[in-house]
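Colleague: I would like to learn how to read a model like this one. Where do we begin?

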Amino acid sequence: MSALGQFLDETKALSCVHCGLCLSSCPTYLETGNENDSPRGRIYIMRAMQSGQLGVEAAAVRHIDLCLGCRACETACPSGVQYGTLLEETRDHIEKHHGRGLFQWLLRRFVIEQIFPLPWRLRLALLPMRMIRFLRLTFILPKFAREMMELLPQRLARGKLPAERLAKGEGRGKVGFIEGCVMQVMFGDTNDSSAELLQRDGWNVVTPASQGCCGALYAHSGQLEKARECARRNIAAFEGQSLEAIIINAAGCGSTLVEYGELLKGDPEWAERAEAFSAKVRDLVAWLDNSQVTPVKSRKKVTYHDACHLCHAQGIKDEPRQLVRARAGGEFVELVESDLCCGSAGSYNLTEPEMAKKLKSRKVQNILESGADVVVTTNPGCLLQIQSGLKKAGANHVRAVHIADYLK
Ligand code: SF4
Ligand code: SF4
């Protein structure tokens with residue numbers, strides 16, 4: 001074992017039998033053709049780090065950094081390898097033992113960890129950027145800042161939801177709602193649409209003010225202890241409310257919320273409470289009643305992009321398609337490579353902009369070839385990534401929308 005200690009769950013690491021069936025579904029392997037940028041290659045690297053054959057050195061870290069965490073390899077793997085958990089454990093180990101350069105350190109430790117998870121800080125940080133864009137002064141910014149600006153939505157929407165919104169018509173019970181940190185700052189209208197759909201379906205929607213970031217940004221960037229703190233806060237916020245379900249409309253957050261049990265399994269005080277919380281979490285698309293969806297009277301072609309953390313991490317593919325098909329009324333078209341990552345992957349498009357751009361172009365190309373006028377998805381990161389890609393391609397006639405806004 002490494003002198004730095006054991007960080008991987010050995011049983012999970014050994015479950016990979018190196019068959020290679022996951023390689024063709026891995027976006028980074030498809031782009032680079034390098035075995036070290038494939039799931040199998042990365043698992044070799046993780047195990048070599050664990051055994052001490054490989055140190056936490058720059059070349060090895062590079063291949064782990066380049067992983068999107070999209071978990072397409074889990075969908076493809078016949079042996080049930082829990083790649084997502086192995087990746088989070090390895091990244092936690094890397095952040096403890098590997099020094100980052102100044103730019104990456106500032107981006108990861110300051111922007112991603114200190115600003116994104118706190119809505120008031122994010123609003124404040126976005127003010128000067130919005131002002132620069134309003135005054136059309138983006139040309140004064142360095143390249144990386146201009147690229148970040150491209151991801152900003154045109155407008156920020158209203159903030160927090162009220163503590164409770166009552167069902168419309170006959171009530172069916174009470175559900176909790178997770179309003180997210182990036183969601184409530186950049187997609188307040190989408191949260192509003194989500195609550196409206198739940199109310200129409202007969203649910204009282206409870207949004208506790210004491211909830212916070214789901215912890216996904218921390219878990220994905222190698223800060224597991226911070227992710228655990230977020231989990232404890234959210235569990236406490238929703239406990240004792242007699243809820244039928246806890247609803248989330250952002251796939252990236254949902255995949256972390258359903259794994260609170262795994263995240264806190266070593267904590268005797270919280271393990272059971274975390275399991276109980278996760279058992280109640282449902283993505284909005286898996287909870288809405290599709291018989292309530294009314295077809296839209298429009299000849300616009302509609303397609304659907306699978307957010308990785310919905311289709312690969314949570315195995316939800318059919319439900320959103322049924323909802324979109326019900327609304328599109330015969331105008332639905334399937335998207336080629338719909339479940340291939342768009343390159344957003346949480347904060348990946350900030351930390352690995354080059355690979356993110358390649359995957360964004362690939363996604364936009366597929367959308368344009370589908371002939372769709374509207375592309376529907378379920379995650380804020382995908383929306384921002386696809387919107388910026390469509391804009392860059394000059395495809396202003398194609399709209400990317402969250403499923404809640406599409407259905408409302
Ligand atoms: S998580 Fe995605 S990018 Fe990473 S190894 Fe698996 S398929 Fe490849
Ligand atoms: S992760 Fe699964 S599919 Fe990929 S090489 Fe290992 S066992 Fe095979």
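Modeller: Begin with a ruler for helices: the expected span is 1.5 Å times one less than the number of residues. This is a predicted model, and helix α22 (residues 380-392) is a case to try the ruler on.

Colleague: What span does α22 reach from its first C-alpha to its last?

Modeller: The 13 residues of α22 reach 18 Å, close to the 18 Å expected.

Colleague: Is α22 enclosed or exposed?

Modeller: A residue counts as buried if 20 or more other C-beta atoms lie within 10 Å of its own. Eleven of the 13 residues of α22 pass that test, so the helix is largely enclosed by the rest of the structure. Among them are P380, C382, L384, Q385, Q387 and S388. Just after α22, G394 takes a positive phi of about 75°.

Colleague: What does the ruler give for helix α8?

Modeller: Helix α8 covers residues 119-134, and its 16 residues should span 22 Å. The C-alpha atoms at its ends are 21 Å apart, which agrees.

Colleague: Where is the kink in α8?

Modeller: At L127, shortly before the proline P128, with an angle of about 30°. Just after α8 comes R136, with a positive phi of about 55°.

Colleague: And the whole chain? What radius of gyration does it have, and what would a compact globule have?

Modeller: For 408 residues the globule value is near 22 Å; the protein chain has 21 Å, which agrees. Its C-alpha trace spans about 60 × 50 × 45 Å along the principal axes. The secondary structure comes to 23 helices and eight strands, and buried residues make up 45% of the chain.

Colleague: How are contacts spread along the sequence?

Modeller: Take the contacts between residues at least 6 apart in sequence: 78% of these join residues at least 24 apart.

Colleague: Now the ligands. Which residues are closest to ligand 1?

Modeller: The shell around a ligand can be read by its members, then by their class. Ligand 1 is surrounded by 13 residues, with C26, P39, C67, C70 and C73 the closest. Helices α2 (27-32), α3 (39-51) and α5 (72-76) each give two or more residues to this shell. By class the shell has nine nonpolar, two polar and two charged residues.

Colleague: Which residues come nearest to ligand 2?

Modeller: C16, C19, C22, R40 and C77, out of 14 residues around ligand 2. Here α3 and α5 each supply at least two residues. The shell holds ten nonpolar, three polar and one charged residues.

Colleague: How do I read a single loop residue, say C341? Is C341 buried or exposed?

Modeller: Count its neighbours. C341 has 30 C-beta neighbours inside 10 Å, so it counts as buried. Its place is in the loop between α19 (318-328) and α20 (348-351). Leaving aside neighbours within four places in sequence, the contacts of C341 are P27, L68, C70, A72, C308 and L359. One of these, C70, is also among the residues closest to ligand 1.

Colleague: How many C-beta neighbours does D201 have inside 10 Å?

Modeller: D201 has 17, so it counts as partly exposed. This residue is found in the loop between α11 (188-200) and β3 (203-206). Beyond four places in sequence, D201 is in contact with L288, D289 and Q292. L217 is 16 residues from D201 along the chain, and their C-alpha atoms are separated by 31 Å.

Definitions and conventions:
Residues are numbered from 1 along each chain as its sequence is written. Chains are lettered from A and ligands numbered from 1 in the order in which they are written. This is a predicted model: local features need pLDDT of at least 70, side-chain atom pairs count only at pLDDT 80 or more; totals for chains, interfaces and linings use all residues. Helices (H or I, at least four residues) and strands (E, at least two) are DSSP runs, numbered from the N terminus. The radius of gyration is taken over C-alpha atoms; the globule rule is 2.2 Å times the number of residues to the power 0.38. A residue is buried if 20 or more other C-beta atoms lie within 10 Å of its own, exposed if 12 or fewer, and partly exposed in between; C-beta atoms are placed from the backbone. Two residues are in contact if their C-beta atoms, placed from the backbone, lie within 7 Å. A residue is near a molecule or strand if its C-beta atom, placed from the backbone, lies within 6 Å of it. Ala, Val, Leu, Ile, Met, Phe, Trp, Tyr, Cys and Pro count as nonpolar, Asp, Glu, Lys and Arg as charged, and the others, Gly among them, as polar. The bend at a residue is the angle between axes fitted to the seven residues ending there and the seven starting there.
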